[in-house]
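Subject: Structure handover

Hello,

Here is the structure I promised to pass on. Please open it first, then read my notes below.

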Amino acid sequence: MRNNPPKIITYLANLPLNLLLYATLIVPFALMIYLAFLAWNPAAGINWWEAPFTGVNNFIRALSDSRFIAALGRTAAFVVIVVTIEFFLGLALAYFMLEEFKGKKISLSLIIYPLMLPWVVVALIFYLFFQDYGPMNNVFLKLIIGESAQNIHWFLSSTTAFISLIIADVWQWTPFIFLVMYSGLSAVSKRLIEAAQVLGASSRTIFWRIQLPLIKPLVLIAVVLRALEAFKVFDIAYVMTGGGPGTSTETISLYIYRVAIEYHDISYAAALSLIVLIILVIIIRSFIWYSFERGVKR
Amino acid sequence: MILYLDSNNDCENLFMPTARYNPMSEKVEGKISRRRFITASIGAGVVGIIVGAAGAWLLKPEVVAEKTVTTTLTREVTKTVTATAPITVTPPPVGLDVVAQRAIDGVKSLIAKGAAKPGDTIRILHVAGSRANLEKAIELWSKYIPEIKIELITLGQEPDVYTKAMSEAVTKAGTFDAVTIFSTWLGDIVEAGLARPIDDFFSKYDPGYTGDIAPIEPLASYTTLYKGRRYALVFDSDVFTLSYRRDLLTDPKLKDQFRSQYGMELKLPDTWEELIKMAEFFTKLNLTAPSGGRVWGAYFYAEPRFAAYITWLNIFIESGGILFDLKTMDPKIDTKEGKYAFDVMLRLKPYMPPEAITASWADLYDKFVKGETVFTAAWPSLSKEAHRPTALVKDVAGSAVLPGVEVDVAGAKKIVRAAPNPVNWVAVISNYAKNPELTYLFFQFATSPDIGKDVILTGVILDLFRRCWFTDPKYRPAFEEGYGSEFVDAYLRSLEISFPDLLIRGGPEYLGKLTVNVNAVMAGTKDPEDALSETAADWDSINKKYGVDAQLEAWRALANLFPSDVKEVWRAKGYM
């Protein structure tokens, strides 16, 4: 058995990576936490290290900021809706794609295609799609409700504008869930399924009792990753609705962007970001505990 | 090192591949051995050093300086133009105006005194839209002053310029010598310590801000002064004018029909009230545009991203509204003038395409050049677009001063007309510039009557601002060709009655909050009174954030630069 290299070698070998990590991640993050407790605004003409310390004022301000709370609630609703739809749609697609059929490879490519597009491109596509003269009104809805489809103004009402964002997100991200679910379901041992079939289990039983439990870790990974991404939604709201009408489709990322970049209230934006981070950590941790660790004795 | 995937079909393992590495093995399964890997790495390193050194030697600075175009590799800098030529004797400038001549002489004097030296580079941060304009300025500069190079740091979007400029104010790194900014940002840029006052250069070099060649007032003052000090050179003008379909407005049949329906003449509207009636008339005619689309009576900005405040502010100012109390800095928008501005906009709403409330600012341009709107208002570039050969309204697009509001001034009725000047590019010299005087001289040269004319007519986003460009036969024909003669006249009048964006610290934030609420009212998601009271509360918070006294000082200085008609109404109402 070979001896381990001296510790100094290990440290030196890790040093470049650690330096990179500290420089790009930990230092800025620490700085952001520090800024959240200051009242720093670049337009004030002072350096950030000279800004007055304000304690938890920014956090207290956030709690009474109705626009922040509304954006947070709206984003949470967006996450729940899109992740639910994308999960069931992706799972259903994955299940059906397990069967062999002619043109399967092309179908797989087509399903994954939206995932390859940059977010901004998707946002622009759907921005045009939902215009009064766009395909949604002039092709799809016209077939169903006739000429009156022309009178639907998707971005003029809070509800329809929000729905348009959901549709855009579902279109782009269902393939991600599909991809993960399909990989998982394909990897389930055929022997297990055959054994269940021999014992007389129906397709539904096999799916619910064998296939789905076996891919549970993947389901968790997919849902958590997707929820985290969906919570950060910015591009489609910025491009498609600009957060409007008014602020009725303003997501939390868009609001923090405006606070930081348009209103250059950097300290307050840092505090808002921290609040969002803490909320996300609590939710995701609770989800993991509920799904995996609940009832497990160590 | 080789990664093995377990052949076990267990799906959990499938996604957790096991890495197996045998550090003792020198050669594993035909892969590269550790010894060979180390040898190859060292070899590659040595070769890399030799190639790098050779490259550095080959591309040493004097060789780079001879290139006319260089592409940089940084993310923000999309391209760098280096205007250079072999250093030779400067040809004597012939026939240039005095402003440009003074700039050239100033540079020569600096070089002679050793305050600047051949090969010095001025770096300018600017938005991509002005690249063609600046390249033209560099081309002309290099004819007269080839010794001094200009480097452009081009950013893609307007907000990027603001972010980068504010970052520079924080880091003080001296990454650029000058920046072209929206005048709306001037308060922030000055207060952040980035903008260098240039009163001394103004006195020393006289950029031609008086007499017939001067930039038109009040625009020249309100876009360059902050709290009474000069921080910028005018580089552009962005005053709104009314654009309209002349063919429809002058059609005899339509004129008769309108007269019989409304009891008044179909003509250029003097007031918003008249415009509402005309917009209603044209919308209800259900006309078909040259594009095949529907013709709407009006299209004025109400969109959520940034432009909605422009229409509201225009009507508000014309009706005698003042943004803040001149004694206390209390917001004064939750007033009858504020409600009237919403009232006009809401009455216009049925005659505007729904996209006015949802689409981006460019949609207004698209609809007008396709002939789908009768009345609209935008930046001067709309007139340029409407006169392009491909525009469906190229022969019928007219321009006029925006309509006004009839107000009571000292017992007499008077129509007050004003024109907003949203954004407006200005050139600011950085406090961290390596040679601010030299940098200033470049912009004096680029904005001089002769050079500025060519610079403005080259690109898209910069527009005319010197009086001689409107009145002097030497310049006017070139602008008439670019914009149309009717526009040039209407624009001169609009510049004279123009009023500024809120050019105090936090300007973008104040206007951003207003935009969101104007859009919400137009979309029907908020009541006008709620929108006004919420905006006033937001503005009050911003005042407190920056300090009421400091904001008041800036607001008082700015309010004095509003057009005289507006100030007359303020005085009559006791606001001033």
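Let's start at one glycine. B:G484 is buried, because its relative accessible area is 11%, under the 20% cut-off. Please keep in mind that this is a predicted model. B:G484 sits in the loop between α21 and α22 (485-496) of chain B. Setting aside residues up to four places away in sequence, B:G484 touches B:H387 and B:F479. Now look for B:N543. It is 59 residues from B:G484 along the chain, and the two C-alpha atoms are 43 Å apart.

Chain B as a whole

Chain B has 26 helices and 19 strands. Of its 576 residues, 56% are buried. Take the contacts in chain B with a separation of 6 or more: 74% of them link residues 24 or more positions apart.

Helix α19

Next, find helix α19 of chain B, residues 449-458. Seven of its ten residues are buried, so the helix is mostly covered. Which residues of α19(B) are buried? They are B:P449, B:D450, B:I451, B:G452, B:K453, B:V455 and B:I456. The cover over these buried residues includes α4 (98-113), α5, α17, α18 (436-446), α20 (467-471) and α21 (476-483) of chain B. Note α21 in that list. The loop that holds B:G484 lies between α21 and α22.

Strands β5, β6, β7 and β18

Strand β5 of chain B covers residues 121-127. Six of its seven residues are buried, so the rest of the structure largely encloses β5(B). Which strands does it pair with? One is β6 of chain B, residues 149-155. The two run parallel and are joined by seven bridges. Within this pair, B:I122 stands opposite B:I150. Helix α5 (residues 131-144) of chain B completes a right-handed β-α-β unit with β5(B) and β6(B).

β5(B) also pairs with strand β7 of chain B, residues 178-182. That pairing is parallel too, over two bridges. Here the bridge partner of B:L125 is B:V179.

β7(B) is mostly covered, with five of its five residues buried. Five bridges join β7(B) to β18(B), and these two strands run antiparallel. B:V179 turns up again here: in β18(B), its bridge partner is B:V428. So that you can follow the side chains: in a regular strand they alternate between the two faces of the sheet.

Two buried loop residues

B:N424 is in the loop between β17 (419-421) and β18 (425-429) of chain B. Is B:N424 buried or exposed? It counts as buried, because its relative accessibility is 0%. Its side chain makes a polar contact of 3.0 Å with the side chain of B:N421. Leaving out neighbours within four places in sequence, B:N424 is in contact with B:I181, B:F182, B:S183, B:L219, B:T223, B:D236, B:S237 and B:D238.

B:T223 is on that list, and it deserves a stop of its own. It lies in the loop between α9 (219-222) and β8 (225-226) of chain B. B:T223 is buried as well, with a relative accessible area of 0%. A polar atom of its side chain lies 2.7 Å from the backbone oxygen of B:L219. Beyond four places in sequence, B:T223 touches B:S183, B:L186, B:A232, B:V234, B:N421, B:N424, B:V426 and B:L503. B:N421 is thus a contact of B:T223 and a polar partner of B:N424.

The largest pocket

Last, the empty space. How much space lies in the largest pocket? About 1600 Å³. The lining takes in 44 residues. B:Q157, B:E158, B:P159, B:F306 and B:W361 lie nearest the centre. Some elements give two or more residues to that lining. From chain A, these are α5 (119-129), α11 (235-241) and α12 (252-262). From chain B, they are α6 (158-171), α16 (362-369), α17 (381-386) and α23 (507-523). You have met α17 of chain B already: it is among the elements that cover the buried residues of α19(B).

Best wishes

Notes: Residues numbered from 1 in each chain as written. Chains lettered and ligands numbered in written order. Predicted model: local features only at pLDDT ≥ 70, side-chain atom pairs only at ≥ 80, totals over all residues. Heavy atoms only, no water. Helix = DSSP H or I, 4+ residues; strand = E, 2+ residues; numbered from the N terminus. Buried < 20%, exposed > 50% of the residue type's maximum accessible area, 1.4 Å probe, protein only. Polar contact = N/O pair within 3.5 Å; in protein donor to acceptor, adjacent residues only side chain to side chain. Contact = heavy atoms within 4.5 Å. Pairing = 2+ DSSP bridges. Right-handed = clockwise from strand over helix to strand, strands pointing away. 1 Å grid on protein atoms, 1.4 Å probe; cavity = no way out; pocket = protein on both sides within 12 Å on 5 of 7 lines; lining within 4 Å. Points joined across faces, edges and corners; volume = space filled by probe spheres on them.
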